[in-house]
Structures are given as C-alpha cells and as structure tokens.
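Subject: Structure for your review

Dear colleague,

Please find below the structure that I am handing over to you. I would be grateful if you would keep it open while reading the notes that come after it.

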Amino acid sequence: MPNEKGIEKYQTANRYAILLKDTLKQINLYGKWGWCCLLKEEDERADSLFNVGLTLSATTKDRIYDKYLLNRLSLTARERKDYKRALELVNRSLSLAKDSTELYPLWGNKGKILLEMNQYDSAHFYLSKDTRDYDPYFRVSRYLDWSIYEEKIKKSSQSAGIQQAVCRTAGYHLSRTAGF
C-alpha cells in the first residue's frame, strides 16, 4: 500500500503546517497531494484538494499558488470533459503568470483543451508555444500532443472529404431530378 503511506505523509505534513501556522506550506501540500490524486485518476478528490488550496490561498496576502492551482483545476475539468470550465480556469491562470517559464505548461494545457474542443488552429497556436523539451518527459509529452493533433486533423479532413462527397452526390441527384 505505497499510496496509503504517501497519503499518511501528506496528512502528517499538513498537521505540522497547521501547527506552525504556515498557510503557504499548507497550500503547497494541497496542490501536491491533489496532483498525486490526479495521477491516480482520482479526479474528484484532486479537484477537492485543489479547491481547498485555492480557498486557503484567498486568505493570504501573497497569492503565489493561485496560477498553479487554477491550472491544476483546469486539468481536472479537462479530465471530466468540461472543456468550457477548463478553458476558463486556464485563462485565469494565464492572466496571473508573469514569465515564460510559468507560461509554457499553461500554453500546453490550453492547447490540449482547444484540441479536445476541435479548435485546431487555436490548439496549434498554443501547442506550438509550449517549447519545453529539456528533459525526456516533456519531449515525449510534446510528441504525444502533436500525434493526437495530427490524428484529429486527419480525421477532420477525412470527415470533410466525406461531407464534400455527400454534397457532390446529393447535388448530382438534385440536378438530375430538378429537370422533371
């Protein structure tokens, strides 16, 4: 039960952060704990933990974790296929980011959301802006994103081709019967 041990450690760390009145540490812990839940596909629990962190963040003067938590909440919304909400959350996160190192993951996430919404031009724009490739994980992740993009574009063009063929066929039949 390595997952249970990890959860116990987060709970213990959170108790100490509460005792020390370290709200920023608590917010960070809720974010990391939520991320672990998201990786385990426990989307509802992850969403709940990110929201607790965001609520705590609202009580602080320096809201440094907001962009991070909003982006993570957009990931849970994306997993639930609530793309409108995911886009709203990632846009809020983008509005808080200050430099490109903060923007890269947000751009990548926004590109993936737009891709799921079949907004291919916009998806291409944001996926292209995420140029992280400094480690194998990011490189593989980007290749996967682009392969999904290419697959969706291919299906879209095949679908468009089928639609055009249907229209041509329907047009042909209409022109033949219009003379009667």
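The notes below go from the chain as a whole to its helix contacts and then to single residues.

Overall make-up

Please bear in mind that this is a predicted model. The chain contains eight helices and zero strands, and from the N terminus its elements follow the order α-α-α-α-α-α-α-α. Of its 180 residues, 36% count as buried. Among contacts in the chain with a separation of 6 or more, 46% are between residues 24 or more positions apart.

Helix contacts

Two packed helices are described by the angle between their axes and the distance between the axes. I give both values for three pairs below.

The first pair I describe is α4 and α5. Helix α4 covers residues 66–79 and helix α5 covers residues 83–96; their axes come within 8 Å and cross at roughly 165 degrees. With an angle over 145 degrees counting as roughly antiparallel, α4 and α5 are therefore roughly antiparallel to each other. Their crossing is left-handed. On the α4 side, the contact is made by D66, K67, L70, N71, L73, S74, A77 and R78, and on the α5 side by Y83, R85, A86, L89, V90, R92, S93 and L96. Sorted by class, this contact of α4 with α5 holds eight nonpolar, three polar and five charged residues.

Helix α5 also meets α6. The axes of α5 and α6 come within 10 Å, with a crossing angle of roughly 160 degrees, and the two helices are therefore roughly antiparallel. The crossing of α5 and α6 is left-handed. From α5, the residues involved are Y83, A86, L87, V90, N91, S93 and L94; they meet L103, L106, W107, N109, K110, I113, L114 and E116 of α6. In the contact of α5 with α6, 10 residues are nonpolar, three are polar and two are charged.

The remaining pair is α6 and α7. Helix α6 (residues 100–116) and helix α7 (residues 120–129) have axes that come within 7 Å and cross at roughly 160 degrees, an angle that makes α6 roughly antiparallel to α7. Here α6 passes α7 in a left-handed crossing. The residues of α6 in this contact are Y104, W107, G108, K110, G111, K112, L114 and L115, while α7 contributes Y120, S122, A123, Y126, L127 and K129. The contact of α6 with α7 comprises eight nonpolar, three polar and three charged residues.

A buried glycine in α2

G31 is found in helix α2. It is buried, with a relative accessible area of 0%. Leaving aside neighbours within four places in sequence, G31 is in contact with F50, Y68, L69 and R72. Of these partners, R72 is 41 residues from G31 in sequence, yet the two C-alpha atoms are 8.0 Å apart in space.

Two lysines with positive phi

K21 is not a glycine, but it has a positive phi of about 55 degrees. It lies in the loop between α1 (2–19) and α2 (23–39). K21 is exposed, with a relative accessible area of 72%.

K81 is likewise not a glycine and has a positive phi of about 65 degrees. This residue lies in the loop between α4 and α5, the helices of the first pair described above. At 58% relative accessibility, K81 counts as exposed.

Cysteines

Why does the structure hold zero disulfides? A disulfide needs two cysteine sulfur atoms within 2.5 Å. For C36, the closest cysteine sulfur is that of C37, and because the distance is 6.9 Å, the two are too far apart for a bond. Taken from the other side, the sulfur of C37 has that of C36 as its closest cysteine sulfur, again at 6.9 Å and too far for a bond. As for accessibility, C36 counts as partly exposed at 30%, whereas C37 is buried, with a relative accessible area of 2%.

Should you wish to check these points against the model, the helix contacts may be a convenient place to begin.

With kind regards

How values were computed
Residues are numbered from 1 along each chain as its sequence is written. This is a predicted model: local features need pLDDT of at least 70, side-chain atom pairs count only at pLDDT 80 or more; totals for chains, interfaces and linings use all residues. Side-chain values use heavy atoms; hydrogens and water are left out. Buried means under 20% relative accessible area, exposed over 50%, partly exposed in between (1.4 Å probe, protein chains only). Axes are lines fitted to C-alpha atoms, for helices over the stretch in contact, and angles run from 0 to 180 degrees between N-to-C directions. Helices (H or I, at least four residues) and strands (E, at least two) are DSSP runs, numbered from the N terminus. Angles under 35 degrees count as roughly parallel, over 145 as roughly antiparallel, 65 to 115 as roughly perpendicular and the rest as oblique. A crossing is left-handed if the near helix is turned anticlockwise from the far one by less than a right angle, and right-handed if clockwise. Contact means heavy atoms within 4.5 Å. Ala, Val, Leu, Ile, Met, Phe, Trp, Tyr, Cys and Pro count as nonpolar, Asp, Glu, Lys and Arg as charged, and the others, Gly among them, as polar.
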